[in-house]
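Colleague: Before we go through the salt bridges, the helix packing and the backbone, could you bring the structure up?

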Amino acid sequence: MSAALAPAAPSSVVAWLLRFGLTFALLNTLLTFENRWPGFGVHYMPRLSFELCLAVVALMAWIAWRGPLSRRATAVLALVFVALVVVRYANVTAPAVMGRPVNVYWDGRHAAGLLRAALQTLPTWQVVTALAALSLGLLALWWLVRTAIASLSHSLAWPRPRPWLLATVVALTLSFAAYVPERRDTRWFFSLPITPTLLHQGTLLAQVWLPGQRHAALGASPTFAGDLSGLVSARGPADVLLVFAESYGASTFDQPEQAQALQASRQQLADAIHTGGRAVVSARVVAPTFGGASWLSHAALLSGVDTSDPADHDLLLTSQRPTLVSHFAHRGYRTVGWMPGLKRPWPEGSFYGFERLADDPAVGYQGRDFGFWRIPDQAAMALLHAQELDRRAPGHDQRPRLAVFPTTSSHAPFHPLAPFVADWSRLTGPDAYSADDARAALSAPLNISQTVPRFLESLRYQNTWMADYLRHLAPHPLVMVIVGDHQAPALASGAGASWDVPVHVVSDDPALLHRLMARGFIPGITPGPRPLGPMTQLTRVLLEAFGAPTAHEVPGAEHLAMPPRSHAPSAPGS
């Protein structure tokens, strides 16, 4: 055994208590801090660490058998302890910032993407400084923990207080039996432990990585056997535009302050829908994710399979399950995945079966970049319309379209935000935005205290460009489905927000809207207070509404006021 770290033996019980107490308090604080909401900071919490109490008992047994720890053992234990501190930080910060527990598999896979976003958003010197500070901070923490563990080891090696200390620590540890994980208010004097997080994440990684260990059973898929005759009117089959609105959650309706801040832009959108000869019905559904991981909602709606467990999502993409995309393709639709936020190869995306999958480079944006999510939503919509939805364009394939468009401009941190452009035709060329437009957006302050105002401004921008598109450009017939992918992170949606997201269906076909009303939708742009069910329920509702209409009259249909259907899109910007 290599030489042990050997601080001087305590001269008295008081000196021993002082050394042991300070050392234990330091290590305990590092494993029991809580998040200081809102933000990424932490604060002291006067609780005990269950894992540290167990570690003290184990260390006492080791010292009684082999003596104080060696330098090498102390250094290794310090590394393990620092790793636990990092896990603790992630465990208390992720729910406060993202509104969901940390997920090592999915969050780890996208860590490189977040780093690339930081490299493009911040000056290089700031990134280098931050990484250097982080490295030095972790090194300093390791040294501090190493010193504390060595001191604790030699405190426990002093024989006089050992029996009563052992009895005290064992009693505290056994009292942890009163802890109820599901109820944080029953912890007594113990902090929320780290061990369940480690076990859960380890199990998840084993299910994903180890052959034969993944036992996740996918739920049943909905029936995709029906036709799409419910989308056919006197003008022919309708194009379907499915917009996954980033971070668009029900908190924007449920929180009075947010609802008031968005009231004017929502009225603008409602007026544009009516002016364009259309009507809107709305509902809410429960998203399978919160604060991020949009792909879980995309997969749930497009497949009708529950993806609230990320392992199930991963398994789903390796399957041959039918989707709304394949359903429309088999019935003569051209299917388009319009994904300006997709910046990396996505081979697993072949599961959906899009005839055309347009990622960031493929959408053809030539304008100036606006941060990491460089293509503003309005510009992406202008390009989608010009390339796929404009039936008057030369050489347009006359097949109806199913276009799936996940937006990005309302993605956290909701910055930078491009200005609205009245001339849509300008957005398809290199002069989409001026240098002053980009400079003003990029120079806007990025302050965590302004998260909610920036979030609301991004949704006002969304309502504005959607209103203008529906008023001036949208083809007839068109069914536009707008569904939130998840609530915004808790920094924007607030503490205790539900997992509900709104869904709006805009159409000039009253029969289609009546069928949706029969299945829980209500007229107007404000959804009802109760969700239809999970996101997968919306898949089934849309399949039924898009299918062959029933012959009977829909109760309550008289409450849907349809504007005259003679309106045609006018010139952009008029």
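Modeller: This is a predicted model, and I would begin with S247, which is buried because its relative accessible area is 1%. S247 sits in the loop between β5 and α9.

Colleague: What value does phi of S247 take, given that it is a residue other than glycine?

Modeller: Most residues other than glycine have a negative phi. S247 has a positive value instead, and its place is the loop between β5 and α9. Its phi is near 55°.

Colleague: Is F414, another residue with a positive phi, buried or exposed?

Modeller: F414 is found in the loop between β9 and α15, and its phi is near 60° although the residue is not a glycine. Its relative accessible area is 4%, and the cut-off for that class is under 20%. F414 therefore counts as buried.

Colleague: Which residue does a cis peptide bond join to A412, and which one follows H415 through a cis bond?

Modeller: Most peptide bonds are trans. In the loop between β9 and α15, which holds P413 and P416, two bonds depart from this: the one from A412, with omega of about 10°, and the one from H415, with omega near -5°. The residue joined to A412 is P413, and the one that follows H415 is P416.

Colleague: How far apart in sequence are the parts tied together by the salt bridge of R391 with D239?

Modeller: The closest N and O atoms of R391 and D239 are 2.9 Å apart. R391 counts as partly exposed because its relative accessibility is 29%, whereas D239, at 2%, counts as buried. Since R391 lies in the loop between α14 and β9 and D239 in strand β5, the parts tied together are apart in sequence by 152 residues.

Colleague: Which residue forms a salt bridge with D254?

Modeller: D254 belongs to helix α9, and its partner, 30 residues apart from it, belongs to strand β6. D254 is partly exposed at a relative accessible area of 42%, while the partner counts as buried at 5% relative accessibility. With the closest N and O atoms 2.8 Å apart, the partner of D254 is R284.

Colleague: Which residue does D360 meet in a salt bridge?

Modeller: D360, in the loop between β8 and α14, is linked to a residue in the loop between β7 and β8, 17 residues apart from it. D360 counts as buried, at 7% relative accessibility, and its partner as partly exposed, at 35%. The N to O distance is 2.9 Å, and the residue that D360 meets is K343.

Colleague: How many salt bridges does a search of the whole structure find?

Modeller: Besides the pairs above, R334, E355, R356, E388, D397, R399 and R401 are linked in a network of salt bridges. For the whole structure, the search finds 18.

Colleague: How are α18 and α19 oriented towards each other?

Modeller: Helix α18 (residues 510-517) packs against helix α19 (residues 535-546) with axes 9 Å apart and an angle of about 140°. Angles over 145 degrees would count as roughly antiparallel, so α18 is described as oblique to α19.

Colleague: Which residues of α19 are met by L512, R515 and L516 of α18?

Modeller: The crossing of the two helices is right-handed. From α18, L512, R515 and L516 take part, and the residues they meet in α19 are V541, L542, A545 and F546.

How values were computed: Residues are numbered from 1 along each chain as its sequence is written. This is a predicted model: local features need pLDDT of at least 70, side-chain atom pairs count only at pLDDT 80 or more; totals for chains, interfaces and linings use all residues. Side-chain values use heavy atoms; hydrogens and water are left out. Axes are lines fitted to C-alpha atoms, for helices over the stretch in contact, and angles run from 0 to 180 degrees between N-to-C directions. Helices (H or I, at least four residues) and strands (E, at least two) are DSSP runs, numbered from the N terminus. Angles under 35 degrees count as roughly parallel, over 145 as roughly antiparallel, 65 to 115 as roughly perpendicular and the rest as oblique. A crossing is left-handed if the near helix is turned anticlockwise from the far one by less than a right angle, and right-handed if clockwise. Contact means heavy atoms within 4.5 Å. A salt bridge is a side-chain nitrogen of Lys or Arg within 4 Å of a carboxyl oxygen of Asp or Glu. Buried means under 20% relative accessible area, exposed over 50%, partly exposed in between (1.4 Å probe, protein chains only).
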